[in-house]
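Student: I have the coordinates open and would like to go through some of the local details. Could we begin with the helices?

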Amino acid sequence: MQPFIRHTGLAVALDRANVDTDQIIPKQFLKSIRRRGFGVNLFDEWRYLDRGHPGQDPAERRANPNFVLNLPRYRGASILLAGRNFGCGSSREHAPWALQEFGFRALIAPSFADIFASNCLKNGVVPVVLAEAIVDRLLRELELREGYQLTVDLAERTVTTPAGQSFGFEIDEFRRQCLLNGWDDIGLTLRHSDKIRAFENERLARLPWLAAVPPAIGPDR
């Protein structure tokens, strides 16, 4: 997982409350457990005028010219401002995968669905909770200023505007350390690889017959 320490990027607003995970990445695209290939279908039913299906070439589709992510001024945005309860609905991990692959590194909203926020933290996307009044203020500033950039500083736990005003936010300290160091769940496990290897060697020496046991998972299982 790519470490997240401090990120400055173009902000874009999706000023809608209760955006659920089926709107973030519709169910027909959940055909893989790989983390790649979902960005092209992020907010698919809003970004396109035709109904999409897996494997479709996005260049052959009709883009919705009125959807915010299709506007030229927001091309390359990496910070998403959203309404309250963003990411509600089902617990699909594909939602943060799609957001990340599209280019978003941080999300800012008054609140997030718990499981969605947890999935984001485990995949390198930072969900920042700010008071609704502050988010509304940022939305107004963004609409008035093209090229509006924000800085999300995870080390300092602040969001800073182009004018230099900073707002603090809270985040679980364990997950903050994971993000700062780029540790996903696999990375956390590999930090203890020496102990795992020592345990496996000791167990095999004590129970040598285990070496003859076939794997638990195979093509016929």
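Tutor: Certainly; please keep in mind that this is a predicted model. A starting point is helix α6 (173-181), whose buried residues are covered by elements that include α4, β4 and α7 (185-190).

Student: Which residues of α6 are buried?

Tutor: They are Arg-175, Arg-176, Cys-178, Leu-179 and Leu-180.

Student: What caps the N-terminal end of α6?

Tutor: Asp-172 does, with a side-chain oxygen 3.2 Å from the backbone nitrogen of Phe-174. Just after the helix comes Gly-182, which has a positive phi of about 75°.

Student: You listed α4 in that cover. Which of the residues of α4 are buried?

Tutor: Phe-116, Ala-117, Asn-119, Cys-120 and Leu-121 are the buried residues of α4. Their cover includes α1, α3, β3 (106-109), β4 (126-129) and α6.

Student: And what is the phi of the glycine that follows α4?

Tutor: That residue is Gly-124, and its phi is positive, near 85°.

Student: How about the packing of α3 and α4: what is the angle?

Tutor: Helix α3 (residues 94-102) and helix α4 (residues 114-122) pack at about 50°, and their axes are 8 Å apart. The two helices are therefore oblique to each other. The crossing of α3 past α4 is right-handed.

Student: Which residues make that contact?

Tutor: From α3 there are Ala-95, Pro-96 and Leu-99, and from α4 there are Phe-116, Asn-119 and Cys-120. By class, the residues of this contact comprise 5 nonpolar, 1 polar and no charged. Phe-116, Asn-119 and Cys-120 also appear among the buried residues of α4.

Student: Let us change topic to backbone torsions. Which residue other than glycine has a positive phi near 60°?

Tutor: Arg-157 is one such residue. For context, most residues other than glycine have a negative phi. Arg-157 sits in the loop between β5 (149-153) and β6 (158-160). Another case is Asn-85, with a positive phi of about 60° although it is not a glycine. Asn-85 lies in the loop between β2 (79-82) and α3.

Student: Why is Asn-85 classed as it is for accessibility?

Tutor: Asn-85 has a relative accessible area of 27%, and the partly exposed class runs between 20% and 50%, so Asn-85 is partly exposed. Arg-157, at 30%, is partly exposed as well.

Student: What about Thr-158: where is it, and what does it touch?

Tutor: Thr-158 is in strand β6. Setting aside neighbours within four places in sequence, Thr-158 is in contact with Thr-151, Val-152, Asp-153, Ser-166, Phe-167, Gly-168 and Phe-169. Thr-158 is buried, with a relative accessible area of 18%.

Student: One last residue, Gln-28. Where is its place, and is it buried or exposed?

Tutor: Gln-28 is in the loop between α1 (21-24) and α2 (44-47). Its relative accessibility is 13%, so Gln-28 counts as buried.

Student: Which backbone oxygen does the side chain of Gln-28 reach?

Tutor: The side chain of Gln-28 reaches the backbone oxygen of Gly-52, at 3.4 Å. Not counting residues up to four places away in sequence, Gln-28 touches Arg-51, Gly-52 and Pro-54.

How values were computed:
Residues are numbered from 1 along each chain as its sequence is written. This is a predicted model: local features need pLDDT of at least 70, side-chain atom pairs count only at pLDDT 80 or more; totals for chains, interfaces and linings use all residues. Side-chain values use heavy atoms; hydrogens and water are left out. Axes are lines fitted to C-alpha atoms, for helices over the stretch in contact, and angles run from 0 to 180 degrees between N-to-C directions. Helices (H or I, at least four residues) and strands (E, at least two) are DSSP runs, numbered from the N terminus. Angles under 35 degrees count as roughly parallel, over 145 as roughly antiparallel, 65 to 115 as roughly perpendicular and the rest as oblique. A crossing is left-handed if the near helix is turned anticlockwise from the far one by less than a right angle, and right-handed if clockwise. Contact means heavy atoms within 4.5 Å. Ala, Val, Leu, Ile, Met, Phe, Trp, Tyr, Cys and Pro count as nonpolar, Asp, Glu, Lys and Arg as charged, and the others, Gly among them, as polar. Buried means under 20% relative accessible area, exposed over 50%, partly exposed in between (1.4 Å probe, protein chains only). A polar contact is a pair of N or O atoms within 3.5 Å; within protein, one must be able to donate a hydrogen and the other to accept it, and residues adjacent in sequence count only if both atoms are side-chain atoms.
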